[in-house]
Amino acid sequence: MNLLKDPFISTTLGKVSLKDILTSDEDYQLQYFFDETQLAMLQMLSSLATVVLKPTILELKGYIAKGLTAEQYDLALSKIESKWFEDDCFMRSKASNKAKVADGPITKLVSGIECGGSPNALGLFSDSENVTIACSDCTHVLNYNLHMNIKGECFGPTGATGIRGGGAITTLVSGSNLKETLLFNVVAIDFYQKNTALSDSADSKFMWDLPLDGDLYQAQNIGLERGLFALAYHIDFVIEDQIAECHICGHESNKITKTFKRVKYSGAYGSTKKGRDNGAGWWLHPYTPRNEKEDGTYAVCARDQNWQSWQELTAYIIGKETDKTAVKPALIINQFQNALSNGKANVLVGGNIADQGSITGRVYDLYSMPSSLSKNNARITQVIDSGLDQKEKLSIALNKMFGVGYDKNFVSGIKNQAMQRFTTNAQQIVQQILLDVDRKEAAELRKDAVSSLSNEAKAIFKSVQRKYQHDLPLFKALVKGEFILYKADN
Ligand SMILES: [Zn+2]
């Protein structure tokens, strides 16, 4: 099987090839059991398409507008060494014979970050114990997912951290169908070059062709194609000839695997403390928003299990500056805004909410964007800002309870629960309001947002009041707080 030629991608219309998706008008939709596999698949397929097409912005615009013929695909494919995408080779560098090999069940690859030791490491999906078998086609996306998400500590002493650090948030541009989505997330080589500071001698060989060496992996030496599939482990899968149903894609296969083997790479990327402190630098990963701090660049991650993506949406599409940090949108979002945007697109925010080596939640949210994302940013920011304003008001109103003299933990518990409810409910409200982003002007959108989100904050506040109506001190404090929610919004 070759990933650039053969049908290994699970869709609602059966297994298809990358060429099928890019060159036909069928409405293929990915079909995998877990969001994280879908998310990894979108990134992996766009990265594969980047390697085959190597388009300039102008060429990419043409593919998006007019599509791509089978002949164009074959011609592009004939110009690259497709042997590196054979299934016994792709993203599998070979460890030395002397290396100590660790192994684990494929279950640990589904989120790509799961930790062996911690109790909630497998808590990501409800029936994790049922995910024990992968078909040989799905080993590639599992391997890719691991490398894009893994943080060293997840595997203890046998762990290494991938090029973008552990559990990073991913943002992708989502089109009207799978073909358009993949093309929107193809990296244009001229745009990449303009935005990155690669050295002239940067290597573009794949790491399973030319493995990394040394203690420090300098970002400026890692070319685009090399970095898109950057490794941190020698990985192999134990393939058995046995007929079974794959727990990742649901297809029956006669080549299955239950176990993967790993040997870690010993050097450090700039995504780690060691790499950062020694000046390895941040590799500009196209799908990862980043946080620029005084001591270096970090991938944006979600650490709080009650976190919801709407709160950070402005940062992911426009960026956000504060005193000490600057959040920069992922390159792929910049590319869309600056060079491609002339059609309708959505932004997909995905990833895991990780705490140490454990997964405490996951994110897979789709937001409508105005068709001219470069001009109409205000429509989005105003919606998000009104949500954050209402959140702040609710917080101040609830703070009145702390004046009563009750146990602080007890009061914090009441407040936190109410705040979490607001943040969670606001997620759907914001997504809903943004559906009208092209039909309504900024002022009207803002008005809708303020009214829905303010009603939500008031409803949550009222339910707290109702619950404590017989606790006179708390009730009185809440009455004092109430006016804050009713103050006019400016
Ligand atoms: Zn499968």
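These exercises, each with a worked solution, concern a predicted model of a protein chain.

**Exercise 1. Overall form**

Determine which secondary structure elements the protein chain holds and how its radius of gyration stands against that of a compact globule.

Solution.
Step 1. The secondary structure of the protein chain comes to 15 helices and 15 strands.
Step 2. For 490 residues, the radius of gyration of a compact globule would be near 23 Å. The protein chain has 24 Å, which agrees with that figure.
Step 3. Along the principal axes, the C-alpha atoms fill a box of roughly 75 × 50 × 45 Å.
Step 4. Of the 490 residues, 45% count as buried.
Step 5. Take the contacts between residues at least 6 apart in sequence: 72% of them join residues at least 24 apart.

**Exercise 2. Two helices in contact**

Find how the axes of helix α2 and helix α5 cross, and list the residues that make the contact.

Solution.
Step 1. Helix α2 covers residues 35-53 and helix α5 covers residues 139-149. Their axes come within 9 Å and cross at roughly 90°.
Step 2. Angles of 65 to 115 degrees count as roughly perpendicular. α2 and α5 are therefore roughly perpendicular to each other.
Step 3. On the side of α2, the contact is made by Glu36, Thr37, Ala40, Met41, Gln43 and Met44. On the side of α5, the residues are Val141, Tyr144, Asn145 and Met148.
Step 4. Sorted by kind, the residues of this contact divide into 6 nonpolar, 3 polar and 1 charged.
Step 5. A general point bears on such lists: an α-helix has 3.6 residues a turn, so residues three or four places apart point the same way.
Step 6. As for burial, 11 of the 11 residues of α5 are buried, and the helix is mostly covered. Among them are Leu142, Leu146 and His147.

**Exercise 3. Two buried residues**

Decide whether Val51 and Ile222 are buried or exposed, and name what each touches beyond its neighbours in sequence.

Solution.
Step 1. Val51 lies in helix α2. Ile222 is found in the loop between β6 (216-217) and α8 (224-228).
Step 2. A residue is buried if 20 or more other C-beta atoms lie within 10 Å of its own. Val51 has 23 such atoms, so Val51 is buried. Ile222 has 27, so Ile222 is buried.
Step 3. Not counting residues up to four places away in sequence, Val51 touches Ile80 and Glu225. With neighbours within four places left aside, Ile222 is in contact with Ala202, Asp203, Tyr217, Gly227, Ala230 and Trp283.
Step 4. Two C-alpha separations can be added. Val51 and Gly156 are 105 residues apart along the chain, and their C-alpha atoms are separated by 33 Å. Ile222 and Lys255 are 33 residues apart along the chain, with C-alpha atoms separated by 34 Å.

**Exercise 4. Strands and their pairing**

Describe the pairing of β7 with β8, and then the order of strands in the open sheet of 4 strands.

Solution.
Step 1. Strand β7 (residues 233-245) and strand β8 (residues 252-264) pair in the antiparallel sense over 10 bridges.
Step 2. Glu245 stands opposite Glu252 in β8.
Step 3. The hairpin of β7 and β8 has 6 residues between the strands, and there Gly250 takes a positive phi near 85°.
Step 4. The open sheet has the order β11-β10-β13-β12, with antiparallel pairing. Its edge strands are β11 (296-299) and β12 (320-321), each of which pairs on one side only.
Step 5. Strand β10 (residues 290-293) and strand β13 (residues 326-328) run antiparallel and are joined by 3 bridges. Glu292 stands opposite Ala326 in β13.

**Exercise 5. Positive phi outside glycine**

State where Lys54 and Met91 lie, and what phi and what burial each has.

Solution.
Step 1. Most residues other than glycine have a negative phi.
Step 2. Lys54 is not a glycine, yet has a positive phi of about 35°. Met91, also not a glycine, has a positive phi of about 55°.
Step 3. Lys54 has its place in the loop between α2 and α3 (57-66), and Met91 lies in the loop between α4 (70-78) and β3 (102-105).
Step 4. Lys54 has 18 C-beta neighbours inside 10 Å and therefore counts as partly exposed. Met91 has 22 and therefore counts as buried.

Key. Residues numbered from 1 in each chain as written. Predicted model: local features only at pLDDT ≥ 70, side-chain atom pairs only at ≥ 80, totals over all residues. Axes fitted to C-alpha atoms, helices over the stretch in contact; angles between N-to-C directions. Parallel < 35°, antiparallel > 145°, perpendicular 65-115°, else oblique. Contact = placed C-beta atoms within 7 Å. Nonpolar A, V, L, I, M, F, W, Y, C, P; charged D, E, K, R; others polar. Buried ≥ 20, exposed ≤ 12 C-beta atoms within 10 Å, placed from the backbone. Pairing = 2+ DSSP bridges. Rg over C-alpha atoms; globule rule 2.2 N^0.38 Å.
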